[in-house]
Amino acid sequence: RAMLQSGAVESGEVDLNDVVTNVVKLVASDAILRDVTIVTDLAPDVARIAGDRIQMQQVVLNLIVNAMDAMRAEPVRRVIVRTETDGPQGVRLSVSDTGPGIEHDRLGKVFQPFFTTKSDGLGMGLSIARTIVEAHGGVLWAANNPEGGASFLFKLPASKAAAASA
């Protein structure tokens, strides 16, 4: 985490829809093996962000894999990855699952380093993901869904070029 905080973000124009599409392709085989359906709902007009494409891929990959892990014992396993415009100068991405959700007393701890709910987890993935999102000027949080399951969401500012053209 400290290495990510002190390192400069490799800045360029990043299309989050493209990031999601590539990550979903990357995990497609794993999703089939786990009997998980991944649904994408990508806003066609979502603004580009300024940032590091590889780091954004790492965040999205972590959130999707965590969602699949959370549904191991569920009869219906579905992950929904959604992008949308968040106000005039922002972008929001969410990864929602049909798992059991996050126990209320653990909801505030999931981003702490070394906190894990997995027997084989290190507890660093979400902590690193939050550090990456914050380094890009955004925020990352988790919430339980009213219909069950959990969602991990982040908002990021649009790139200066995208915001200027809005």
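Colleague: Which residue in β7 stands opposite Ala143?

Modeller: In this predicted model, six bridges join β6 to β7, residues 150-157, and the two strands run antiparallel. Within β7, the bridge partner of Leu140 is Phe154. The residue that stands opposite Ala143 is Ser151.

Colleague: Which residue in the hairpin of β6 and β7 takes a positive phi?

Modeller: The hairpin has five residues between its strands. A positive phi near 110° occurs there, and the residue that takes it is Gly148.

Colleague: Ser151 is in β7, so which residue of β5 stands opposite Ser151?

Modeller: Seven bridges join β5 to β7, and these strands run antiparallel. One of the facing pairs is Ser94 with Leu153 of β7. Opposite Ser151 stands Ser96.

Colleague: In what order do the five strands of the open sheet lie?

Modeller: The pairing in this sheet is mixed. The edge strands, each pairing on one side only, are β2 (37-42) and β6 (139-144). Neighbouring strands are turned against each other by 15° on average, direction ignored. The order is β2-β4-β5-β7-β6.

Colleague: How many residues of β5 are buried?

Modeller: Buried here means under 20% relative accessible area. β5 is largely enclosed by the rest of the structure. In β7, which is mostly covered, six of eight residues are buried. For β5 the count is seven of eight.

Colleague: Which residue of β5 stands opposite Thr85?

Modeller: β4 and β5 pair in the antiparallel sense over seven bridges. Their hairpin has four residues between the strands, and Gly87 takes a positive phi near 75° there. The residue opposite Thr85 is Val91.

Colleague: At what angle does helix α2 run to β2?

Modeller: Helix α2, residues 16-33, lies across β2, β4 (78-85), β5 (90-97) and β7. Several residues of the helix are buried, including Val19, Val20, Val23 and Val24. Relative to β2, α2 runs at about 170°.

Colleague: How far apart are the end C-alpha atoms of α2, and what span should its 18 residues give?

Modeller: At 1.5 Å a residue, the 18 residues should span 26 Å. The distance between the end C-alpha atoms agrees with that expectation, being 26 Å.

Colleague: Where is the kink in α2 centred?

Modeller: The kink is of about 50°. The residue at its centre is among the buried residues of α2. That residue is Val27.

Colleague: Which residue caps the N-terminal end of α2?

Modeller: A side-chain oxygen of the capping residue lies 2.9 Å from the backbone nitrogen of Asn17. Asn17 itself is buried. The cap is Asp15.

Colleague: What is the phi of Asp35, and where is the residue placed?

Modeller: Most residues other than glycine have a negative phi. Asp35 follows α2 and sits in the loop between α2 and β2. Its phi is positive although the residue is not glycine, with a value near 60°.

Colleague: Is Asp35 buried or exposed?

Modeller: The cut-off for exposed is over 50% relative accessible area. Asp35 has a relative accessible area of 53%, and therefore counts as exposed.

Notes. Residues are numbered from 1 along each chain as its sequence is written. This is a predicted model: local features need pLDDT of at least 70, side-chain atom pairs count only at pLDDT 80 or more; totals for chains, interfaces and linings use all residues. Side-chain values use heavy atoms; hydrogens and water are left out. Two strands pair if DSSP finds at least two bridges between them. Axes are lines fitted to C-alpha atoms, for helices over the stretch in contact, and angles run from 0 to 180 degrees between N-to-C directions. Contact means heavy atoms within 4.5 Å. The expected span of a helix is 1.5 Å times one less than its number of residues. The bend at a residue is the angle between axes fitted to the seven residues ending there and the seven starting there. Buried means under 20% relative accessible area, exposed over 50%, partly exposed in between (1.4 Å probe, protein chains only). A polar contact is a pair of N or O atoms within 3.5 Å; within protein, one must be able to donate a hydrogen and the other to accept it, and residues adjacent in sequence count only if both atoms are side-chain atoms.
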